[in-house]
Amino acid sequence: MLTIQNLTKSFAGQPVLKNIHAIFRDGETTAILGPSGSGKSTLLRSIDLLELPETGQIVINDIRLTFPSNPSFKEKKNYRRYFSIVFQSYNLFPHFTVLQNIMEGPMQVKGESKTQAKQKALELLTRIGLADKQTAYPAQLSGGQQQRVAIARALAMEPAFILYDEPTSALDPELSNEVLLTIQQLADAGNSQIVVTHNLEFARKAADRVLFMDQGKILFDGSTQMFFRNKDDRIQQFIQQIA
């Protein structure tokens with residue numbers, strides 16, 4: 001379980017996160033929704049310490065981080081073993097094959113043997129339907145395929161939570177759907193996921209829970225079903241604008 005308490009963050013004196021409280025439970029997929037500039041991506045990046053919060057606490061298992069603080073490299077490494085993040089851009093190594101891209105993290109960070117990392121990578125490629133692309137290079141793949149490889153690479157690290165920052169925003173609708181289907185399959189399998197997205201249909205189908213953010217605050221935290229039934233004017237306005 002991941003717990004966030006009183007998290008704040010500002011840029012150039014402008015508050016972006018305002019006393020954020022949230023609990024993310026194991027086995028749940030949470031969709032973080034909200035208009036542009038609401039703080040969604042900043043919250044996700046703060047969870048992975050790509051942005052350092054100014055105040056508040058983040059607690060996961062035996063680790064408690066209290067801000068303001070500047071964790072050491074060792075402390076960040078120990079904390080980040082619980083997370084893998086998938087960005088808008090795929091960030092694959094262009095000179096590595098698909099298989100090598102997935103093997104690299106477990107070998108370099110977790111100390112897995114080449115044989116062990118290869119076996120895991122092949123299993124993950126089969127799971128996402130790209131086993132036939134193991135010897136291909138990223139430039140030989142579509143954008144959707146590259147993003148699915150990025151997801152497999154995240155899974156290879158066996159994180160407690162997979163974080164996604166608008167994973168389909170750079171893709172056209174057809175390629176976007178294949179990535180979202182992969183994330184939905186992981187949700188169905190009980191993986192713990194936190195997804196920043198504008199895709200309401202994906203949230204409706206795949207998310208157990210929705211956080212709705214606006215102007216740096218969480219205005220709704222509850223089941224997906226209750227979110228889409230909510231009569232709050234701001235939520236209804238957002239749904240109608242995005243739909």
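User: Let's set the classes first: Ala, Val, Leu, Ile, Met, Phe, Trp, Tyr, Cys and Pro count as nonpolar, Asp, Glu, Lys and Arg as charged, and the others, Gly among them, as polar. By class, how many nonpolar residues does the lining of the largest pocket have?
Analyst: Bear in mind that this is a predicted model. The lining has five polar and nine charged residues, and its nonpolar count is 12.

User: What volume does the largest pocket have, and which residues are closest to its centre?
Analyst: The volume of the largest pocket comes out at about 820 Å³. A total of 26 residues line the pocket, and the closest to its centre are Arg 80, Phe 83, Ser 84, Val 109 and Met 157.

User: Which elements give two or more residues to that lining?
Analyst: One of them is a strand, E6 (83-86). The helices that do so are H2 (73-80), H3 (98-108) and H5.

User: H3 and H5 also touch each other. Are H3 and H5 roughly parallel or oblique?
Analyst: Their axes come within 8 Å and cross at roughly 25°. Angles under 35 degrees count as roughly parallel. So H3 and H5 are roughly parallel.

User: What is the handedness of that crossing, and which H5 residues make the contact?
Analyst: H3 passes H5 in a right-handed crossing. From H3 come Val 98, Asn 101, Ile 102 and Pro 106, and from H5 Val 149, Ala 152, Arg 153 and Ala 156.

User: H3 meets H4 (residues 114-127) too. Is H3 roughly parallel or oblique to H4?
Analyst: Here the axes come within 9 Å and cross at roughly 130°. That angle isn't under 35, over 145 or in the 65 to 115 range, so it falls with the rest. That makes H3, relative to H4, oblique.

User: Which H3 residues make the contact with H4, and how many residues of that contact are nonpolar?
Analyst: On the H3 side you'll find Val 98, Leu 99, Ile 102, Met 103, Pro 106 and Met 107. H4 brings residues including Lys 114, Ala 117, Leu 122 and Leu 125. The contact has no polar and three charged residues, and the nonpolar count is 11.

User: Now for H5 (residues 143-156) and H6 (residues 173-188). Why is H5 described as roughly parallel to H6, and what is the handedness of the crossing?
Analyst: The axes come within 8 Å and cross at roughly 20°. Since angles under 35 degrees count as roughly parallel, that makes H5 roughly parallel to H6. As for handedness, the crossing of H5 and H6 is right-handed.

User: Which residues of H6 does H5 meet, and how many in that contact are charged?
Analyst: Residues of H5 including Gly 143, Gln 147, Ile 151 and Leu 155 meet Leu 175, Glu 178, Val 179, Thr 182, Ile 183 and Leu 186 in H6. By class, the contact divides into six nonpolar and five polar residues, with a charged count of two.

User: Any backbone oddities? Which residues does the cis peptide bond join?
Analyst: Omega at this bond is about 10°. One partner sits in the loop between strand E5 (63-67) and H2. The bond joins Phe 67 and Pro 68.

User: And which residue other than glycine has a positive phi?
Analyst: Look in strand E1 (residues 2-11) for this one. Phi is near 55° in Asn 6.

How values were computed: Residues numbered from 1 in each chain as written. Predicted model: local features only at pLDDT ≥ 70, side-chain atom pairs only at ≥ 80, totals over all residues. Heavy atoms only, no water. Axes fitted to C-alpha atoms, helices over the stretch in contact; angles between N-to-C directions. Helix = DSSP H or I, 4+ residues; strand = E, 2+ residues; numbered from the N terminus. Left-handed = near helix turned anticlockwise from the far one by under 90°. Contact = heavy atoms within 4.5 Å. 1 Å grid on protein atoms, 1.4 Å probe; cavity = no way out; pocket = protein on both sides within 12 Å on 5 of 7 lines; lining within 4 Å. Points joined across faces, edges and corners; volume = space filled by probe spheres on them.
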